[in-house]
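Student: Could you walk me through this protein, please? I'd like to know how its chain is built and how its charges pair up.

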Amino acid sequence: MPEVADPRPRCDGGLVVGVRCSECATPSAWVVGRCPRCLGQVVPESFGPIGTVWSSANVHVAVGEYTPTYTLAYVDLDGADSIGPRVLAHLRPGGEVPPGTRVEIDGDDGGDLWFVPAGTGA
Ligand SMILES: [Zn+2]
């Protein structure tokens with residue numbers, strides 16, 4: 001069976017690695033060759049580690065290595081000069097994170113992004 005590239009975002013030096021379109025400024029947490037919105041040229045950019053929760057949910061079913069209850073959130077990452085991409089991340093260790101909560105990406109554990117409330121990270 002052929003190998004398929006892992007599409008999940010990655011961290012490097014505490015930041016989420018991605019690109020931004022040089023034509024329409026769309027940010028992406030995935031390193032792609034062209035803008036996913038307008039197919040324009042992209043340039044490398046790193047995002048976060050601080051961001052704002054857009055939405056969150058507590059998950060009550062086991063999925064893979066994750067045992068219930070765990071918390072997932074969509075986080076709008078801060079960019080250098082404008083808003084960064086929205087990423088799906090796991091709250092460490094779990095709990096409530098209402099929309100608008102400022103959080104900090106805390107690494108990627110080999111694929112899935114993790115976050116903590118802002119100001120409590122490493
Ligand atoms: Zn674009």
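Tutor: Let's go from the whole chain to its charged side chains. This is a predicted model, where local features need pLDDT of at least 70, side-chain atom pairs count only at pLDDT 80 or more, and totals for chains, interfaces and linings use all residues. Residues are numbered from 1 along each chain as its sequence is written, and side-chain values use heavy atoms, with hydrogens and water left out.

Student: How many helices and strands does the protein chain have?

Tutor: Helices (H or I, at least four residues) and strands (E, at least two) are DSSP runs, numbered from the N terminus. Along the sequence, the pattern reads β-β-β-β-β-β-β-β-β. The count is 0 helices and 9 strands.

Student: Which side chain meets Arg86 in a salt bridge?

Tutor: A salt bridge is a side-chain nitrogen of Lys or Arg within 4 Å of a carboxyl oxygen of Asp or Glu. Here the N to O distance is 2.6 Å, and Arg86's partner is Asp76. The pair links distant parts of the chain, 10 residues apart: Arg86 is in strand E7 (residues 83–91), and strand E6 (residues 70–78) holds Asp76.

Student: Is Asp76 buried or exposed?

Tutor: Buried means under 20% relative accessible area, exposed over 50%, partly exposed in between (1.4 Å probe, protein chains only). Asp76 has a relative accessible area of 14%, so Asp76 is buried.

Student: Which residues are linked with Arg92 in a network of salt bridges?

Tutor: One pair is Arg92 with Asp109, at 3.7 Å, N to O. The pair links distant parts of the chain, 17 residues apart. The network links Arg92 with Asp106 and Asp109.
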